[in-house]
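I opened my notebook for a quick look at this chain. Here is what I looked up, in the order I went through it.

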Amino acid sequence: MVEVSLPGHYLVRCELPIDTWQLLWEFRTSIQTMLYRNLNNPRSVSSRSAQDGELISLLVDLLNNTDSDPFAQNQNSDSELD
């Protein structure tokens, strides 16, 4: 397991399996590389535009994913108590 925390935010910490952390790290560096490439040369058409589109689609899917909400089951059972 790897413990991850945000610099300057000592209350925000999580533990992840090493393979999950490696995937997140690679995803983060891919996004950062895409941003730097496009910000440094915005007028040129990137030969990697298809790859950039896939990366953005993956990010959108991850942000929209609600299936992994650990509280989703609890919310349903709590509403039945009303």
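What share of the 82 residues in the protein chain is buried? I found that buried residues make up 10% of them. I keep in mind throughout that this is a predicted model.

**Entry: layout.** I looked up the secondary structure next. The protein chain has three helices and two strands. Reading from the N terminus, I noted the order β-β-α-α-α.

**Entry: surface and contacts.** I then checked the exposed area, and the protein chain exposes about 7,400 Å². Carbon and sulfur atoms supply 56% of that area. For contacts I took residues at least 6 apart in sequence, and 18% of those contacts join residues at least 24 apart.

**Entry: helix α1.** I turned to α1, which has 23 residues. From its first C-alpha to its last I get 33 Å, close to the 33 Å expected at 1.5 Å a residue. Which residues of α1 are buried? My list reads Phe27, Ile31 and Met34. I also looked at what covers these buried residues, and the cover includes α2.

**Entry: salt bridges.** How many salt bridges does a search of the whole structure find? I got two, and I took them one at a time.

I began with Arg13, which forms a salt bridge with Glu3. The closest N and O atoms of this pair are 3.2 Å apart. Arg13 sits in strand β2 (residues 9-16) and Glu3 in strand β1 (residues 2-6), so I noted a link between distant parts of the chain, ten residues apart. Is Arg13 buried or exposed? Arg13 counts as exposed because its relative accessibility is 53%, and the cut-off for exposed is over 50%. Glu3 has 49%, so I put Glu3 down as partly exposed.

The other pair is Asp52 with Arg37, whose closest N and O atoms are 2.4 Å apart. Asp52 lies in helix α2 (residues 49-64) and Arg37 in helix α1 (residues 18-40), so this salt bridge ties together parts that are 15 residues apart in sequence. I checked the cover here too. Asp52 is buried, with a relative accessible area of 8%, whereas Arg37 is partly exposed at 25%.

**Entry: loose ends.** A reminder to myself on charge pairs: side chains of opposite charge can pair when their charged atoms come close. For helices α1 and α2 I now have two notes side by side: the Asp52 and Arg37 salt bridge ties them together, and α2 is among what covers the buried residues of α1.

Conventions. Residues are numbered from 1 along each chain as its sequence is written. This is a predicted model: local features need pLDDT of at least 70, side-chain atom pairs count only at pLDDT 80 or more; totals for chains, interfaces and linings use all residues. Side-chain values use heavy atoms; hydrogens and water are left out. A salt bridge is a side-chain nitrogen of Lys or Arg within 4 Å of a carboxyl oxygen of Asp or Glu. Helices (H or I, at least four residues) and strands (E, at least two) are DSSP runs, numbered from the N terminus. Buried means under 20% relative accessible area, exposed over 50%, partly exposed in between (1.4 Å probe, protein chains only). Contact means heavy atoms within 4.5 Å. Accessible areas come from the Shrake-Rupley method with a 1.4 Å probe; for residues, only the protein chains shown count as cover. The expected span of a helix is 1.5 Å times one less than its number of residues.
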